[in-house]
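Hello,

Here is the structure I promised you. Please open it and keep it beside this email as you read.

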Amino acid sequence: MAEKKGTKTIAQNKKAYHDYFVEESLEAGIELVGTEVKSLRQGRANLKDAWCSVVEGEMLLNGCHISQYDYGNIFNRDPVRVRRLLLHKREIMRLYGLVKQQGYALIPLSLYFKGSRVKVQVGLCKGKKLYDKRADMAEKAAKRDIERTIKERNR
């Protein structure tokens with residue numbers, strides 16, 4: 001069977017970009033069961049409250065909600081179960097060393113299909129303070145106003 005090329009986004013964690021500075025991002029595979037993949041093909045996933053942790057040399061995805069597949073009956077798993085991320089051991093250890101520093105966290109940024117496989121983009125993030133969030137919102141509002149005035153002048 002021929003594999004399809006390209007990527008298709010399933011879910012994005014927009015809240016992560018609001019709450020954190022993304023310093024670095026990397027791609028990881030994810031260990032899933034068949035009914036979870038079918039549910040993802042329907043686009044039924046939520047990364048809003050998800051985070052990653054390193055336990056006993058393995059990176060785990062916590063808090064990711066993948067809805068149960070409608071026709072999965074007994075094969076369905078818990079929607080918020082802990083799922084293992086597939087990375088090389090040296091990458092996991094490097095990230096674990098960075099997470100031990102104060103203020104860093106591993107946050108899943110997006111979930112997508114790459115060919116026929118499901119991938120997770122994991123970001124090494126540092127938390128924003130309230131004044132950083134306010135500054136970002138003010139900057140976005142200013143850009144929006146500038147775009148609006150340019151659009152009005154071009155009419």
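Below are the overall figures, then one strand, then a cavity.

This is a predicted model: local features need pLDDT of at least 70, side-chain atom pairs count only at pLDDT 80 or more, and totals for chains, interfaces and linings use all residues. Residues are numbered from 1 along each chain as its sequence is written, and side-chain values use heavy atoms, without hydrogens or water.

The protein chain has four helices and nine strands (DSSP runs: helices H or I, at least four residues; strands E, at least two; numbered from the N terminus). Its C-alpha trace spans about 60 × 40 × 30 Å along the principal axes. Of its 155 residues, 35% count as buried (under 20% relative accessible area, 1.4 Å probe, protein chains only).

Now look at strand S7, residues 83-86. Arg83 and Leu85 form its covered face. Arg84 and Leu86 form the uncovered one. In a regular strand, side chains alternate between the two faces of the sheet. S7 runs antiparallel to S2 (residues 20-30), with two bridges (strands pair if DSSP finds at least two). There, Ile30 has Leu85 as its bridge partner. S7 also runs antiparallel to S5 (residues 58-62), with three bridges. There, Leu61 partners Arg83.

Arg83 also helps line the largest cavity, along with residues including Thr35, Ile66 and Tyr69. A cavity is a set of points on a 1 Å grid over the protein atoms alone where a 1.4 Å probe fits but cannot get out; lining residues have an atom within 4 Å of a point. About 50 Å³ of space lies in this cavity, the volume being the space filled by probe spheres set on the points, which are joined across faces, edges and corners.

Best wishes

Technical notes:
1 Å grid on protein atoms, 1.4 Å probe; cavity = no way out; pocket = protein on both sides within 12 Å on 5 of 7 lines; lining within 4 Å. Buried < 20%, exposed > 50% of the residue type's maximum accessible area, 1.4 Å probe, protein only.
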